[in-house]
Structures are given as C-alpha cells and as structure tokens.
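Biologist: I should like to understand how the terms used for a structure follow from its values. May I put my questions to you one at a time?

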Amino acid sequence: MLKSMTAFGRRETNDEWGKLSCELRAVNHRYLEISIRLPDELRAIEMALREKISKRVKRGKIECTVRYKPSDITSKIDVNLSFAQSVINACGEISSKMPEQSHYSAMDVLRWPGVVSQEERDFGALQTAVASLLNDTLDDFIATREREGVATEKMISDRCDAIANIVVQLRDHRPSIVARLRERLQTKLDELSVDVDQQRLEQELVIAAQKLDVDEELDRLDAHVDEVRKVLKRNEPVGRRLDFLMQEFNREANTLGSKSQDKDSTAHSVELKVLIEQMREQVQNVE
C-alpha cells in the first residue's frame, strides 16, 4: 500500500503518576530523520523510542514530542525528627558562641540535607506508559499516511491511464505524419517545377521517416506505465523507485518532443510532460 510521508498523530493518557501526551509530525525527506523531544525524566528511553519509530517508518523527517505533567497528588514526606532535633541543638550551640545571635526558622531546619526525605516516583512505570503511548500514536500516524497514500495512488494511476491513452493516439497518428511529410515535399517540388527521380524521393522519405520514428519511445512509455502499476501494488516503501521511473518518463517525453514535426504531436508531447510533472510532484511525498 502506498503511504504518504506527511502525517500527524497525537495521543494522550492520564494515570496516577500524571498526564502524558505524544505527538508525531512528519514531512517529506529523502531519508529517515528522527527528532525526539523528551522531558528530563524520560531521557533514558530516547533510543528505545527512536528504534520503535524506525521499525515502522522508513522515510520522512519525523518530529516526536512527549510531554509529561506530574500528578497534583502530593507525595508522602517523611521527616527525621531525631535528626532535626540534633540540627536544632547544634544550631543553638553555635549561635551561643557567636557575637551576634543568628535567627533560624523551622524551614531552615527542614532544608537541611537528610532531615526530609520524599517518596521517589516510579519512573519505570512511567517509561513503560510512554512506550505504549508511542505505539498508539504510531498507529494513528501511519493510518493517516495510508489514507493520504490511497488518494495519491489513485492520482498516479489516473495519470498513467492518461499517458497510455496518449501513446495509443500517437501510434494511430504516425501514418498520417509520414503522409503529410510526403505531401509537403511534393508540394515544394511542384512549386519548383523540376523533374524528380521518384525512387530517390522515396529514399529521402524513408530516411526522414526513420528520423521521426518514435516507436521505441512509445514502447518504453508503455513499459514504464506497466512498471508503475506494478510498483503501486507493492507492500513496501516505493517512493525512490517511483522517483526513478518519473525520470525515465521525462526522458521519453523529451525525445518525443524533439521529434515532433506537427502541432498534434507537439500537443501530445506537452500533455505528456504535464501529466508526468503532476505525478512527480506527488511522488516526492511518497514513502
């Protein structure tokens, strides 16, 4: 299935440890480039998150942002009262020996290292929750890519049908081109009122027709259309392969344009280039 490179996905969750949100944004890029923004509490799992993304996304510039808001529930605070009393006694003794007594408050004592200990948060559970949230976000993100890919696939398929139709018209138009060439040459010869060796004239017409022959280019265009249709059915990233095929399409269209000798052929060549450019623009955004 064809997938677009541009997409957006967002999920959030609430639990006892707080609120988590995860966002994924992507734009087209030649390769896979991942940028991850995490709060300090989650820096340890950055590589794990990067691996999860790279397993499911193959191309694009990806921005992953994880936000964490701790729960408002206050953690239990334990006060070492005996140690606090020792700190108070020590402060009293030191104050009595100083020329000017220093004043201290209860908060000064509580700030003393070791007096207060606070329950540590379980960051292991938080990290597990982030990994799960990223998987859910990736599901939404990839679903968006696939929906856009369906529309892109139809657009490319329609353009291939149009190119195939132009190839048919050009093939049907080939005999009339040679006939017109013969008519133009004969008209010029009649205007000059000279005798012409008909065998020599036929030889010149054959040479001119060979120079204008585009059967090989038309065959290659048909082959490229068939290849694009096959590539669209592949269940893997095909953006680079399609980009290469667009270059091949352009090469044949340019050759057809250089061999055009009448307005109809020129018009078909221009229309080919328009269709190919429309496909190329869409292919730039295919994974």
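Biologist: Which residue in E4 stands opposite Glu33?

Modeller: This is a predicted model. In it, Glu33 stands opposite Lys61 in E4. A further pair places Ile34 opposite Ile62 in E4.

Biologist: What makes strand E3 and E4 a pair, and in which sense do they run?

Modeller: Two strands pair if at least two bridges are found between them. Strand E3 (residues 32-37) and E4 have six bridges, in the parallel sense. The requirement is therefore met.

Biologist: Through which helix does the chain cross from E3 to E4, and is the crossover left-handed or right-handed?

Modeller: The chain passes through helix H1 (residues 46-56), and this β-α-β crossover is left-handed. H1 lies across E2, E3 and E4, and runs at about 145 degrees to E3.

Biologist: How do you know that strand E2 pairs with strand E4, and in which sense?

Modeller: The cut-off is at least two bridges. Strand E2 (residues 18-27) and strand E4 (residues 60-70) are joined over 10 bridges in the antiparallel sense, so they count as paired. Within this pairing, Leu24 stands opposite Cys64 in E4.

Biologist: What of E1 and E2: over how many bridges do they pair?

Modeller: E1 and E2 pair over nine bridges, in the antiparallel sense. Thr13, for example, has Leu20 in E2 as its bridge partner.

Biologist: What is the order of the strands in the sheet, and why is the pairing called mixed?

Modeller: The four strands form an open sheet in the order E1-E2-E4-E3. The pairing is mixed because E3 and E4 pair in the parallel sense, whereas E2 and E4 pair in the antiparallel sense, and strands may pair in either way.

Biologist: Which are the edge strands, and what makes them so?

Modeller: The edge strands are strand E1 (7-15) and E3, for each pairs on one side only. On average, neighbouring strands of this sheet are turned by 10 degrees against each other, direction ignored.

Biologist: Let us turn to the helices. Why is H7 called roughly antiparallel to H8?

Modeller: The axes of helix H7 (residues 239-259) and helix H8 (residues 263-283) come within 10 Å and cross at roughly 165 degrees. Angles over 145 degrees count as roughly antiparallel, so H7 is roughly antiparallel to H8. Their crossing is left-handed.

Biologist: Which residues meet there?

Modeller: Among them are Leu242, Met246 and Phe249 in H7, and Leu272, Ile276 and Met279 in H8. By class, the contact of H7 with H8 has nine nonpolar, five polar and three charged residues.

Biologist: Why does H6 also count as roughly antiparallel to H7?

Modeller: Helix H6 (residues 215-232) and H7 pack at an angle of about 160 degrees, with their axes 10 Å apart. This angle is over 145, and H6 is therefore roughly antiparallel to H7. H6 passes H7 in a left-handed crossing.

Biologist: How many nonpolar, polar and charged residues does the contact of H6 with H7 have?

Modeller: The residues that meet include Leu221, Val225 and Val228 in H6, and Leu245, Phe249 and Glu252 in H7. By class, this contact of H6 with H7 has 11 nonpolar, two polar and seven charged residues.

Terms used: Residues are numbered from 1 along each chain as its sequence is written. This is a predicted model: local features need pLDDT of at least 70, side-chain atom pairs count only at pLDDT 80 or more; totals for chains, interfaces and linings use all residues. Side-chain values use heavy atoms; hydrogens and water are left out. Axes are lines fitted to C-alpha atoms, for helices over the stretch in contact, and angles run from 0 to 180 degrees between N-to-C directions. Helices (H or I, at least four residues) and strands (E, at least two) are DSSP runs, numbered from the N terminus. Angles under 35 degrees count as roughly parallel, over 145 as roughly antiparallel, 65 to 115 as roughly perpendicular and the rest as oblique. A crossing is left-handed if the near helix is turned anticlockwise from the far one by less than a right angle, and right-handed if clockwise. Contact means heavy atoms within 4.5 Å. Ala, Val, Leu, Ile, Met, Phe, Trp, Tyr, Cys and Pro count as nonpolar, Asp, Glu, Lys and Arg as charged, and the others, Gly among them, as polar. A crossover is right-handed if, with the strands pointing away from the viewer, the path from the first strand over the helix to the second runs clockwise.
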